[in-house]
Amino acid sequence: MTDEFTTEIYYDDDADVSTLEDDTVAVLGYGSQGHAHALNLDDSGVDVVVGLREDSSSRSAAEADGLEVTTPAEAVAQATYVSVLVPDTVQPAVYENAIAPNLEAGDTLQFAHGLNIHYNQITPPEDVDVTMIAPKSPGHLVRRNYENDEGTPGLLAVYQDTTGDAHERALAYGKAIGCTRAGVVETTFREETETDLFGEQAVLCGGIASLIKTGYETLVDAGYSPEMAYFECMNEMKLIVDLMYEGGLGAMWDSVSDTAEYGGLTRGDDVVDEAVRENMEEVLEEVQNGEFTREWVLENQAGRPSYNQLREAEKSHEIEEVGERLRELFAWEEAEAETEDSEEE
Ligand code: NAD
Ligand code: MG
Ligand code: MG
Ligand code: MG
Ligand code: MG
């Protein structure tokens, strides 16, 4: 091991917001990322126009926040720098209808996730720069951190550099939204997209949800109470993950009992065994060869039949019903404890 980072990381001193002084940035979409980027850019002195559909419910929010709002097509026409922050699944249509007809040579087309470029759902012309600035956090934190003079780490990638300035311009954008305060890590569209999809499928969202449900079912099927199973397999997860977030696996192992540490170290790999590793390799393969993305594109074109069914099934899992009941009880006890505290004062 070495202390050197294997990849380039950029900070405030590496970037200059005035690089964008002659630009107008079109922020398309005013959701999680869109509102944060638009407001942070505006506060950083960058000229911003928000592009939203005429009937978008976000219009009034963007206007109330003091931003100029127009249609996506008009915003792209006005802009020299286009930040695509509508949902990934609608980006290809927005690109065809609003972006492509209004892009000009030398413009920058920027994304916050590489999916549509990497899997060729969007094919930009050769005479524009194609970049990515992807904050590694939900948009409300990108905004809140910026307002608190703090930063949000982010990723930067350049897919196409026709002006020769793509990197410098993306870095300036990263600085304007507060990312270089915390560090902007250089990556590629391929690496960002494939690791993001793999991570959310195998570990973060899919993997952990299945681990929790399988643990819960194992206990309940063996006759233990659903409440105990919920606390053990779901509720305590947060406490464990908080420790890992603060100090890695080491902080977690240090904090649990020796019994838990020994049990975990001896049994963890029995649960997540070589078969699971092979499953993960298969999931990665389907990400790399585009099979997952093809399936997801077709699912959307068909009106999301499987997706809707899976969502319903997940909502009706017993652990969700037990959890809702217990969390309500908890909230009530917490509220009561707070009232008692304040009465004592
Ligand atoms: P979102 O769903 O929160 O917001 C989408 C916005 O686009 C909304 O304002 C919506 O009104 C608008 N919109 C929807 N359909 C539209 C259409 N047809 N035309 C114009 N506008 C339309 O999206 P988000 O989560 O901010 O994601 C935006 C991008 O940022 C995606 O590429 C996503 O992968 C990426 N990203 C998201 C996060 C995150 O934590 N949310 C983190 C990093 C990157
Ligand atoms: Mg333009
Ligand atoms: Mg993702
Ligand atoms: Mg325990
Ligand atoms: Mg214990």
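# Exercises on a predicted chain

The chain has 16 helices and 9 strands. The model is predicted. Its C-alpha atoms fill a box of roughly 65 × 60 × 50 Å along the principal axes. Of the 345 residues, 30% count as buried.

## Exercise 1. The surroundings of ligand 1

Task: State which residues come nearest to ligand 1 and which elements give two or more residues to its shell.

Solution.
- Step 1. Start with the residues. There are 23 of them around ligand 1, and Gly29, Gly31, Ser32, Gln33 and His113 come nearest.
- Step 2. Assign residues to elements. Two or more residues of the shell come from each of α1 (32-43) and β7 (129-135). The largest share, 3 residues, belongs to α1.
- Step 3. Sort the shell by class. It holds 12 nonpolar, 9 polar and 2 charged residues.

## Exercise 2. The pair α1 and α6

Task: Decide how α1 and α6 are oriented towards each other, roughly parallel or roughly antiparallel.

Solution.
- Step 1. Recall what is needed. Two packed helices are described by the angle between their axes and the distance between the axes.
- Step 2. Read both values. The axes of α1 and α6 (residues 139-147) come within 7 Å and cross at roughly 20°.
- Step 3. Apply the cut-off. Angles under 35 degrees count as roughly parallel. The helices α1 and α6 are therefore roughly parallel to each other.
- Step 4. Name the residues in contact. On the α1 side they are Ser32, Gln33, His35, Ala36, Leu39 and Asn40; on the α6 side they are Gly139, His140, Val142, Arg143 and Tyr146. By class, this contact has 4 nonpolar, 6 polar and 1 charged residues.

## Exercise 3. The pair α9 and α10

Task: Repeat the reasoning for α9 and α10, and state which residues meet.

Solution.
- Step 1. Read the geometry. The axes of α9 (residues 189-204) and α10 (residues 206-221) come within 3 Å and cross at roughly 5°.
- Step 2. Conclude. With that angle, α9 and α10 are therefore roughly parallel to each other.
- Step 3. List the contact. Glu200, Gln201, Ala202, Val203 and Leu204 of α9 meet Gly206, Gly207 and Ile208 of α10. Sorted by class, the contact has 4 nonpolar, 3 polar and 1 charged residues.

## Exercise 4. The nonpolar cores

Task: Describe the largest nonpolar core and the part that α7 has in it.

Solution.
- Step 1. Recall a general tendency. In soluble globular proteins, nonpolar side chains tend to be buried together.
- Step 2. Look at the core. The largest one has 57 residues, and those with the most contacts inside it are Ala26, Leu28, Val50, Val82, Met132 and Leu156. Its largest share, 6 residues, comes from α7 (residues 166-176).
- Step 3. Note a separate core. Apart from the largest core lies another of 6 residues, among them Ala229, Tyr230, Cys233 and Met234.
- Step 4. Take one core residue. Beyond its neighbours within four places in sequence, Val50 is in contact with Val27, Tyr30, Ala38, Ala62, Leu67, Glu68, Val69 and Ala75.
- Step 5. Return to α7. Of its 11 residues, 9 are buried, so α7 is largely enclosed by the rest of the structure. Among the buried ones are Arg169, Leu171, Tyr173 and Lys175. Gly178, which follows α7, has a positive phi near 95°.

## Exercise 5. Buried or exposed?

Task: Classify Ser83, Glu191 and Asn120 by their C-beta neighbours inside 10 Å.

Solution.
- Step 1. Fix the cut-offs. A residue with 20 or more other C-beta atoms within 10 Å is buried, one with 12 or fewer is exposed, and one in between is partly exposed.
- Step 2. Ser83 lies in β5 (residues 81-84). With 28 neighbours, Ser83 counts as buried. Leaving out residues up to four places away in sequence, Ser83 touches Val25, Ala26, Val27, Leu28, His37 and Gln110. Ser83 and Leu28 are 55 residues apart along the chain, yet their C-alpha atoms are separated by 6.1 Å.
- Step 3. Glu191 lies in α9. It has 15 neighbours, so Glu191 is partly exposed.
- Step 4. Asn120 sits in the loop between α5 (115-118) and β7. It has 10 neighbours, so Asn120 counts as exposed. Although not a glycine, Asn120 has a positive phi of about 55°.

Key: Residues numbered from 1 in each chain as written. Chains lettered and ligands numbered in written order. Predicted model: local features only at pLDDT ≥ 70, side-chain atom pairs only at ≥ 80, totals over all residues. Near = placed C-beta within 6 Å. Helix = DSSP H or I, 4+ residues; strand = E, 2+ residues; numbered from the N terminus. Nonpolar A, V, L, I, M, F, W, Y, C, P; charged D, E, K, R; others polar. Axes fitted to C-alpha atoms, helices over the stretch in contact; angles between N-to-C directions. Parallel < 35°, antiparallel > 145°, perpendicular 65-115°, else oblique. Contact = placed C-beta atoms within 7 Å. Core = buried A, V, L, I, M, F, W, Y, C linked by C-beta atoms within 7 Å.
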